[in-house]
Amino acid sequence: MKHFVRPFLMSAALCAATFLPAHAEMDVARLKATIEKSVEADYPKLDALYKDIHAHPEIAFEEVKTAAKLAAEMRALGFEVTEKVGKTGLVAIYKNGDGPTIMVRTELDALPMEEKTGLAYASHDKTVWNGRETFVAHSCGHDIHMASWVGTAKTLVGLKDQWQGTLMFIAQPAEETVSGAKAMLADGLFTRFKKPDFGFALHDGPFPYGYISYRVGIGSSNSDSLEITFHGRGGHGAAPQRTIDPVMMAARFVVDVQSVISREKDPTEFGVVSIGAIQGGTAENIIPDDVLLRGTIRTFKPEVRAKMLAGIERTAKAAAAMSDAPAPEIKITEGAKAVMNDPQVVATAEKVLKAAFGDKFRTSPPGTPSEDYSEFVNAGVPSMFFNIGVYELERFVAASNGTGPELPSNHSPLFAPVPKPTIETGVTAMTLAVLSAFDQHARGK
Ligand SMILES: [Zn+2]
Ligand SMILES: [Zn+2]
């Protein structure tokens with residue numbers, strides 16, 4: 001991989017122009033045009049990086065080669081890079097005078113699945129995952145995020161006479177297993193390095209490229225997994241009076257638990273409980289001893305989550321009590337927490353991104369998937385997480401009105417972002433968002 005720093009720094013026009021004069025509004029239109037021109041000129045190198053990472057994906061906590069590629073790019077740009085933070089993560093720091101520290105995060109990991117896009121740069125790589133051989137693919141688009149992350153770093157270094165402070169670019173492992181952010185924090189992300197004043201991250205999604213969507217407040221869901229074992233007393237199906245039937249308890253629970261959603265939760269608040277697996281019994285005439293249920297619980301707000309967890313537990317205990325059975329075993333495992341966007345950070349970036357992208361920058365309802373960027377927010381980094389589109393507008397419109405095929409979403413084996421406009425939008429939007437935070441801070445002084 002070639003490094004891009006030299007041609008970029010030789011871009012005298014970029015360094016000489018001043019778009020952020022003290023105590024004046026940012027000239028967003030001019031700044032955006034300059035960023036776009038620079039990204040356009042350097043795009044072939046970002047494209048090569050993207051396609052190389054796409055063709056050679058690595059799964060959670062195995063992103064060794066991917067991290068090494070990013071480390072080389074960042075060092076070439078003048079960042080001080082620390083590797084192996086949280087096993088395979090990277091921290092890249094660039095100091096540029098007094099000012100806030102701003103974090104920009106990308107993920108490193110791909111998914112254990114086969115890519116079926118047929119693209120020239122499609123992945124054919126395999127690895128061993130949980131003891132089984134599997135294909136690996138960047139079907140969540142984290143490769144787009146990495147290319148945008150490097151492009152943003154490069155653009156901000158090129159514009160370094162426009163801002164003051166410290167860039168903290170982090171590359172996080174294992175987002176898909178919702179464990180990489182925790183691993184980086186446990187490895188001293190905010191103690192070995194200064195805790196950032198603000199943070200930004202982006203994710204791609206199946207909507208038109210050039211468009212950006214965002215939320216004030218909640219952006220993704222809390223996720224909890226649920227496991228309940230109902231204990232009964234097995235026996236002959238023809239003599240139920242001598243048994244305690246756990247199938248009956250499980251059946252009652254599956255139906256009654258939905259009343260937690262419909263009768264206990266505020267109907268205007270988001271909350272879902274889905275039972276995805278029931279395991280118990282062997283034959284039609286044997287009442288089993290136990291039945292195991294597995295499910296997922298999704299919420300946006302902590303108070304709704306607490307209410308639902310309490311209701312689910314009560315419903316399970318009641319189902320057992322009705323059968324005079326022992327109390328069930330209930331195991332709730334916390335997954336990712338909801339990502340909360342900071343109103344102040346969003347308000348600042350919003351002004352600039354709205355001026356830059358017009359009505360292509362728009363709010364969207366919170367997504368029900370989960371995302372572990374929330375770990376950084378909950379560790380005290382006021383942040384903005386936003387989404388960028390990946391497909392042609394015409395294909396999106398056709399899919400929406402039913403005249404064209406449905407567009408593959410993230411985690412589909414057919415997910416295939418159009419690289420150039422997607423990465424260019426990612427770099428431009430992220431660069432402007434970071435500059436807006438530096439600018440706001442400089443004004444506030
Ligand atoms: Zn994903
Ligand atoms: Zn993802």
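## P326 and a zinc site

P326 is partly exposed, with a relative accessible area of 45% (buried is under 20%, exposed over 50%, partly exposed in between, with a 1.4 Å probe and protein chains only). The model is predicted: local features need pLDDT of at least 70, side-chain atom pairs count only at pLDDT 80 or more, and totals for chains, interfaces and linings use all residues. Residues are numbered from 1 along each chain as its sequence is written, chains are lettered from A and ligands numbered from 1 in the order in which they are written, and side-chain values use heavy atoms, leaving out hydrogens and water.

P326 sits in the loop between α9 (302–322) and β15 (329–334); helices (H or I, at least four residues) and strands (E, at least two) are DSSP runs, numbered from the N terminus.

Now to the metal. The zinc ion (ligand 1) has as its protein donors C140 (SG), E176 (OE), E176 (OE) and H411 (NE2), at 2.0 to 2.6 Å. Donors are N, O and S atoms within 2.8 Å of the metal (3.2 Å for Na, K and Ca), and because water is not among the atoms, sites may look incomplete. Along the chain, the donors of the zinc ion (ligand 1) are spaced C-x35-E-x234-H. C140 also bridges to the zinc ion (ligand 2), with 3.1 Å between the two ions. C140 lies in the loop between β5 (132–135) and α5 (142–158) and E176 in the loop between β6 (165–172) and α6 (180–186), so the pair ties together parts 36 residues apart in sequence.

Here are the accessibilities side by side:

| Residue | Relative accessible area | Class |
|---|---|---|
| P326 | 45% | partly exposed |
| C140 | 7% | buried |
| E176 | 22% | partly exposed |
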